[in-house]
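The following exercises concern burial, contacts, cysteine pairing and cavities in a protein model. Please work through each task before reading its solution.

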Amino acid sequence: VIAKINSVETNWASIDLLLDAFKSLFYDTEKQNMMPNDFKDLSLYFIQKGIPEACALIQVDGRTPSDVFKFLLEILTNNDNTGNPFDDGYYIATVIIAIGQTRTSGSNDVEKVTKQIRRYLNFEQMPTMTSYHNVVTTACIKALTQMQLAKRIPKDIDFFKDYCKYGY
């Protein structure tokens, strides 16, 4: 709901509200960076997962605001699951799908997104880094498909063939 009330009349307040809420809960205020994941509190987990989803829905004149794009990219770049007894696969998958839905004006932004998505796909190739039921791989493929269908990146059917093989 908060992502949908974003407008000129509210001075784009929903962006600031969502980002401030996330930062107050999941950032180290002294170091000004994200804290490692801690999914012991289930309600906080769903808040941590839901804010990036809501942010990805915010658009100004058909484009994702740069603050939102930077925020989502920062989550993917700086995600730290060390010390967390729970897998972060579903959380990462949610953020990957969210950033795949963004619409930015810069080709450099698209390059940054595809770089992060391919980085997570490479992690998934390692036997010790595979997410539960390959949920991260599935999210990466979905995000890349969305980006190709939106003509933000060139179509590459050969890329998907590797993921269609038996035994993958």
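**Exercise 1. Determine whether Cys55 is buried or exposed, and whether Cys55 and Cys140 are in a disulfide.**

Step 1. Cys55 has a relative accessible area of 0% and is therefore buried, where buried means under 20% relative accessible area, exposed over 50%, and partly exposed in between, with a 1.4 Å probe and protein chains only. The model is predicted: local features require pLDDT of at least 70 and side-chain atom pairs pLDDT 80 or more, whereas totals for chains, interfaces and linings use all residues. Residues are numbered from 1 along each chain as its sequence is written, and side-chain values use heavy atoms, without hydrogens and water.

Step 2. Apply the disulfide criterion, a pair of cysteine sulfur atoms within 2.5 Å. Cys55 is in no disulfide, since its nearest cysteine sulfur, in Cys140, is 20 Å away.

Step 3. Cys140 is likewise buried, at 0% relative accessibility. Its sulfur lies 15 Å from the closest cysteine sulfur, that of Cys164, which is too far for a bond.

Step 4. A search of the whole structure accordingly returns zero disulfides.

**Exercise 2. Identify which residues have the most contacts inside the largest nonpolar core, and which helices supply it.**

Step 1. A nonpolar core is a set of buried Ala, Val, Leu, Ile, Met, Phe, Trp, Tyr and Cys residues joined through side-chain atoms within 4.5 Å. The largest such core has 44 residues, and Phe22, Phe71, Tyr91, Ile96 and Ile117 have the most contacts inside it.

Step 2. At least two residues of this core come from each of α1 (13–26), α2 (42–57), α3, α4, α5, α6 (135–149) and α7 (157–161). Helices here are DSSP runs of H or I with at least four residues, strands are runs of E with at least two, and both are numbered from the N terminus.

Step 3. Take Phe71 as an example: beyond residues up to four places away in sequence, Phe71 touches Leu19, Phe22, Ile51, Pro52 and Cys55, contact meaning heavy atoms within 4.5 Å.

Step 4. As general background, nonpolar side chains in soluble globular proteins tend to be buried together.

**Exercise 3. Describe the surroundings of Thr104 and Val110.**

Step 1. Thr104 sits in the loop between α4 and α5, and Val110 belongs to helix α5.

Step 2. Thr104 counts as buried because its relative accessibility is 11%; Val110 is buried at 11% as well.

Step 3. With residues up to four places away in sequence left out, Thr104 is in contact with Arg63, Phe69, Asp109 and Val110. On the same basis, Val110 touches Thr104, Met147, Arg152 and Ile153.

Step 4. Val110 and Asp158 are 48 residues apart along the chain, with 20 Å between their C-alpha atoms.

**Exercise 4. State where the non-glycine residues Gln32 and Lys151, each with a positive phi, are located.**

Step 1. Gln32, with a phi of about 55 degrees, lies in the loop between β1 (27–28) and β2 (33–34). Its relative accessibility is 60%, so Gln32 counts as exposed.

Step 2. Lys151, with a phi of about 60 degrees, is in the loop between α6 and α7. At 70% relative accessibility, Lys151 is exposed.

**Exercise 5. Characterise the lining of the largest pocket.**

Step 1. On a 1 Å grid over the protein atoms alone, a pocket is an open set of points where a 1.4 Å probe fits, with protein on both sides within 12 Å along at least five of seven lines; lining residues have an atom within 4 Å of a point. The largest pocket holds about 300 Å³ of space, the volume being that filled by probe spheres set on the points, which are joined across faces, edges and corners.

Step 2. The lining has 17 residues, of which Asn79, Asp88, Tyr120, Phe123 and Met129 are the closest to the centre.

Step 3. α3 (66–78), α4 (89–100) and α5 (107–125) each contribute at least two lining residues, and α5 provides the largest share, four residues.

Step 4. By class, six lining residues are nonpolar, seven polar and four charged. Here Ala, Val, Leu, Ile, Met, Phe, Trp, Tyr, Cys and Pro count as nonpolar, Asp, Glu, Lys and Arg as charged, and the others, including Gly, as polar.
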